[in-house]
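Work through the exercises below with the sequence and the model side by side. Each task is followed by a solution in steps.

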Amino acid sequence: MSNQTLLSSPTKPGVRRLSSMSATFEELALGPSIVVPPEHMTKPSDAHETAAALELAKHRLAEKEKRPVDGQITPPETPPQSNFTDQYAFAFDIDGVLIRGGKPIPQAVEAMKVLNGQNEFGVKVPYIFVTNGGGKTEQERCLDLSRQLEMEISPGNTSLLHSEIKTDIPQGHTPMREMAQKYGTVLVVGGEGDKCRAVAEGYGFKDVVTPGDIIKDNKDTTPFRKLTDDESKHSRARNFGETEISAIFVFADSRDWAGDQQIILDVLMSKHGRLGTRSESFDEGPPIFFSHNDIVWSTSHQLTRLGMGALRASLEAMYKAMTGKELMSTAFGKPQIGTFQFATRLLQQWRKDTHGINAPPRTVYFVGDTPESDIRGTNEFNASDQSENQWYSILVRTGVFQEGTKPAFQPNATVDNVLEAVKHGIQREVDRNIRTAVQQLSEQQEAIVEE
């Protein structure tokens with residue numbers, strides 16, 4: 001049983017505070033929750049208000065859009081008092097911006113403190129996390145971030161893009177949730193152990209198989225890969241000679257490129273997804289979907305490492321070499337517009353709850369490390385007719401992008417790290433407010449003179 005505290009007020013329902021060291025996924029699924037470092041369990045930190053407000057906004061948004069959500073939430077009749085700015089917000093990529101190799105980037109913890117009110121202006125600024133990273137549930141990502149950043153975080157803070165359009169920590173595979181009712185038996189690839197199968201089943205997919213299941217059925221499928229005892233334990237036995245795979249979903253980065261690519265190609269070149277068959281026309285196989293298309297990503301290594309986009313490119317090249325045809329595939333995640341639309345809706349709901357204004361913040365500062373996904377996606381969404389506000393792109397030098405190179409997509413600003421990105425955005429807003437105040441004063445003086 002994990003330690004937890006229930007906080008409530010007359011104007012909003014209770015939000016449970018769960019210890020980051022002992023909270024379970026089941027507890028996080030019971031209703032509005034905040035994951036809290038043990039040292040903050042008895043006394044909420046400055047991050048509590050942001051986490052609680054966005055968690056409730058997430059639940060109200062899901063209720064309004066009639067999406068499945070755990071726990072019942074009723075919107076408050078009047079907005080509660082809040083000392084947050086309602087004019088702007090921040091959205092952060094995670095890997096290469098806040099976290100690198102599983103550890104926080106040195107300036108990340110300080111940047112969060114600044115957003116939570118520890119700044120020279122005394123202003124609190126709302127923020128969410130948006131990532132192409134997958135292979136984990138939103139709840140698991142929330143637990144990880146709370147431990148890494150040493151602060152209170154709720155699933156409402158976090159967006160995972162693999163299923164993003166239906167989830168609340170946008171991750172790369174979040175849009176895949178919408179396909180659960182469309183496909184029957186699906187092959188899910190990537191991630192650690194059986195986690196991606198669990199994520200897919202949580203999205204509503206009824207029959208999920210993995211490469212491990214296929215190898216367990218026929219050990220000769222991958223000549224150089226044998227299942228470990230643990231892999232065999234988590235792989236499910238079935239007869240794939242009688243199974244038709246209707247779609248392939250690459251949820252997270254492959255841990256075995258050779259074996260996974262062999263299996264994916266076998267399915268793509270089969271007759272109607274039945275392993276052991278080979279199509280003569282190579283147009284009878286199932287569709288394949290990738291949670292994102294990042295060629296490289298930032299880890300603890302001094303150089304970037306290959307990502308899912310590289311796997312996709314490799315598969316497309318091998319498929320053409322073997323069939324003479326182009327592989328038609330689909331990638332989600334940034335820079336897809338749906339990612340930014342969901343984040344906008346979540347921030348709009350937060351603003352309505354906290355300030356009574358049914359519109360998104362005037363400006364969202366998106367902080368990323370990858371020009372091809374983070375910066376491109378932000379710029380394209382901002383320029384599209386789908387954007388209701390301004391999205392301002394900030395590129396940091398702590399991840400994929402390195403000084404001395406020219407980014408393929410130009411950001412609005414380039415800074416050294418996430419702390420400088422936060423300071424840049426806040427100062428930009430302060431300068432804007434000063435200009436507005438000076439202009440209003442000038443107009444008032446002119447009106448007095450004319451009278």
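**Exercise 1.** Does Phe-90 count as buried or exposed, and at what relative accessibility?

*Solution.* The model is a predicted one. Step 1: the relative accessibility of Phe-90 is 0%. Step 2: the cut-off for buried is under 20% relative accessible area. Step 3: Phe-90 therefore counts as buried.

**Exercise 2.** Determine how many aromatic pairs the whole structure holds, then classify the pair of Phe-90 and Tyr-365 and place both residues in the chain.

*Solution.* Step 1: searching the whole structure gives 19 aromatic pairs. Step 2: in the pair of Phe-90 and Tyr-365, the centres are 5.2 Å apart and the planes make an angle of 25 degrees. Step 3: planes under 30 degrees apart count as stacked, and the pair of Phe-90 and Tyr-365 is stacked. Step 4: Phe-90 belongs to strand β4 (residues 88–92) and Tyr-365 to strand β17 (residues 363–368). With these positions 275 residues apart, the pair links distant parts of the chain.

**Exercise 3.** Describe the burial of Tyr-365 and its pairing with Tyr-392.

*Solution.* Step 1: Tyr-365 has 0% relative accessibility and so counts as buried. Step 2: Tyr-365 and Tyr-392 pair edge-to-face, at 5.1 Å centre to centre and with 65 degrees between the planes. Step 3: this pair, too, links distant parts of the chain, from Tyr-365 in strand β17 to Tyr-392 in strand β18, 27 residues apart. Step 4: the relative accessibility of Tyr-392 is 8%, so Tyr-392 is also classed as buried. Step 5: Phe-90, Tyr-365 and Tyr-392 are among the members of one aromatic cluster, which also includes Tyr-88, Phe-92, Tyr-127 and Phe-129.

**Exercise 4.** Where in the chain is Thr-398 placed, and what does its side chain meet?

*Solution.* Step 1: Thr-398 lies in the loop between β18 (390–396) and β19 (413–415). Step 2: with a relative accessible area of 14%, Thr-398 is buried. Step 3: a polar atom of the Thr-398 side chain is 2.7 Å from the backbone oxygen of Gly-96. Step 4: apart from neighbours within four places in sequence, the contacts of Thr-398 are Gly-96, Val-97, Arg-100, Ile-105, Ser-298, Asp-416 and Asn-417.

**Exercise 5.** How many disulfides does the structure hold? Give the burial of Cys-142 and Cys-196 as well.

*Solution.* Step 1: the number of disulfides is zero. Step 2: Cys-142 is buried, at a relative accessible area of 0%. Step 3: Cys-196 counts as buried at 2% relative accessibility.

Key. Residues numbered from 1 in each chain as written. Predicted model: local features only at pLDDT ≥ 70, side-chain atom pairs only at ≥ 80, totals over all residues. Heavy atoms only, no water. Helix = DSSP H or I, 4+ residues; strand = E, 2+ residues; numbered from the N terminus. Buried < 20%, exposed > 50% of the residue type's maximum accessible area, 1.4 Å probe, protein only. Polar contact = N/O pair within 3.5 Å; in protein donor to acceptor, adjacent residues only side chain to side chain. Contact = heavy atoms within 4.5 Å. Disulfide = S-S within 2.5 Å. Phe/Tyr/Trp six-rings, centres within 6.5 Å; stacked < 30°, edge-to-face > 60°.
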